[in-house]
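These entries record what I looked up on the disulfides of this model. I took the bonds one by one along the chain.

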Amino acid sequence: MITRHRLAAGAFALLAALTAGLGTAGSAAADDEEPARPSPKVELLLDVSGSMRARDIDGKSRMAAAKQAFNEVLDATPDEVQLGIRTLGANYRGDDRKTGCKDTELLYPVAELDQAGRTEAKTAVATLAPTGWTPIGPTLLKAADDLKDDSAERSRRIVLISDGEDTCQPLDPCEVARKISAEGIHLTVDTLGLVPDAKTRDQLSCIAEATGGTYTSVRHTDELSGRVKQLVDRAADPVATPVAAEGAAQCSKAPKLNAGVYTDREKFGEHRWYRVDVKPGQELRASVSVGADRAVNQDYGVLLRASTTHGREIVRGSEAGDGRTDVISTGLRYPKPEEDDDEETDGGEPAPETVCLQVSNSFSAPSSVKTTPGLPVELAVDLVDAPDEASDVASFGLGNGWWLLGVLVLTGFVAGLVWGWVSRWRFAVWRTN
């Protein structure tokens with residue numbers, strides 16, 4: 001009985017201590033809580049030029065497909081996202097170029113969407129009819145003004161849906177996008193093309209690349225709505241903005257990368273090198289994606305290879321494709337264990353190991369397709385704590401294949417010895433009987 005009372009008293013005291021500790025921790029967390037990020041802003045730009053009448057998307061017009069996609073996106077837009085809609089070429093039917101190039105209208109102002117706002121935006125979209133010109137450059141300038149405010153931390157995104165080139169040159173949309181990017185207002189422009197036209201694709205790709213955005217070719221309604229939803233959600237949950245990095249032809253001249261996301265361009269069949277310093281006790285995790293932003297031959301692949309500065313392969317990742325996807329990706333992991341005899345730097349810390357990352361592709365294209373600029377490459381690099389448990393396969397370096405081969409050979413050898421012993425024993429028993 002005395003023992004039970006003591007246990008109860010001890011349990012009560014422990015519970016009280018934990019409660020007090022949690023209360024203190026909660027109070028400290030509340031005091032240290034970071035201020036909330038400003039809600040992201042997204043503006044959808046819709047091309048309403050005359051060419052949007054063409055009926056080549058799932059048996060209906062491009063305009064009808066865009067309206068259906070917009071309705072689905074408006075229903076799925078997160079509450080914390082401020083969303084607006086701007087049109088280009090929706091009002092002027094004439095032939096005067098100067099007037100046609102001013103034809104852009106803020107159909108729905110950038111604001112958080114409640115139920116009434118969603119209904120109002122859908123009603124405004126429903127009234128649109130393919131009409132006039134394609135003033136992409138002037139519309140981008142207006143959209144950038146729509147999204148400006150005093151908050152430097154706010155995420156801003158423009159999603160442009162178009163089926164043709166800008167008709168308001170010499171105001172080059174690519175130059176407009178570069179100007180917007182140079183203003184440093186954290187504005188990304190993503191573009192979606194509704195026709196597989198090379199000139200349209202080149203112009204929309206240029207606009208996206210200038211601001212760190214993406215270009216997507218769309219041929220079906222569900223692809224359009226799915227991609228726009230994805231981009232709006234990305235604004236609500238912003239990811240790291242890729243940084244341009246130019247790979248080298250050999251490791252010794254390669255740029256040194258820290259943890260982050262990087263973009264580059266790689267020619268067909270080219271090898272590019274990058275360098276990453278990995279400290280003892282860290283694990284390098286890297287992945288690469290190569291996009292087919294033009295017509296390519298079927299049967300292609302991508303290789304991501306990690307090696308030492310002396311050329312010894314550490315680990316590799318590879319993936320093959322057959323033309324059914326526009327992007328192909330692969331990745332690798334390399335944990336560097338902590339060792340007692342690691343060399344130390346002047347600061348007393350163990351010296352890092354320089355790992356060479358090689359990105360290669362086996363894309364090819366028909367002779368009629370331009371091979372410049374190279375294919376878009378996105379390389380993600382992360383450095384995390386290496387696994388402590390030796391049971392983790394990666395901690396043994398099995399990714400390079402040699403350890404795995406040794407384990408298989410040893411297993412086969414032991415299995416052969418056991419089987420031979422059992423066979424001899426059975427034979428001896430048979431002779432005895």
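I count a disulfide where two cysteine sulfur atoms lie within 2.5 Å. The model is a predicted one.

Entry 1, overall count. I found 3 disulfides in the structure. With bonded cysteines counted along the chain, I noted the pattern 1-2, 3-4, 5-6.

Entry 2, Cys 101 and Cys 168. I read a sulfur separation of 2.0 Å for this disulfide. The torsion about its S-S bond is about -105 degrees, so I recorded the disulfide as left-handed. Cys 101 sits in the loop between helix 3 (97-100) and strand 3 (104-112), and Cys 168 in the loop between strand 4 (156-162) and helix 6 (173-182), so the bond ties together parts 67 residues apart in sequence. I then checked burial: Cys 101 is buried at a relative accessible area of 12%, and Cys 168 is buried at 5%.

Entry 3, Cys 174 and Cys 206. I found these two joined by a disulfide, S to S 2.2 Å. Cys 174 belongs to helix 6 and Cys 206 to helix 7 (residues 198-210), 32 residues apart. I listed both Cys 174 and Cys 206 as buried.

Entry 4, Cys 251 and Cys 356. I read 1.9 Å from S to S for this disulfide. The S-S torsion is about -75 degrees, and I therefore entered the bond as left-handed. Cys 251 lies in the loop between strand 7 (243-244) and strand 8 (256-257), while Cys 356 is in strand 15 (residues 353-361), 105 residues apart. For burial I noted 13% relative accessibility at Cys 251, which counts as buried, and 0% at Cys 356, also buried.

Definitions and conventions:
Residues numbered from 1 in each chain as written. Predicted model: local features only at pLDDT ≥ 70, side-chain atom pairs only at ≥ 80, totals over all residues. Heavy atoms only, no water. Helix = DSSP H or I, 4+ residues; strand = E, 2+ residues; numbered from the N terminus. Buried < 20%, exposed > 50% of the residue type's maximum accessible area, 1.4 Å probe, protein only.
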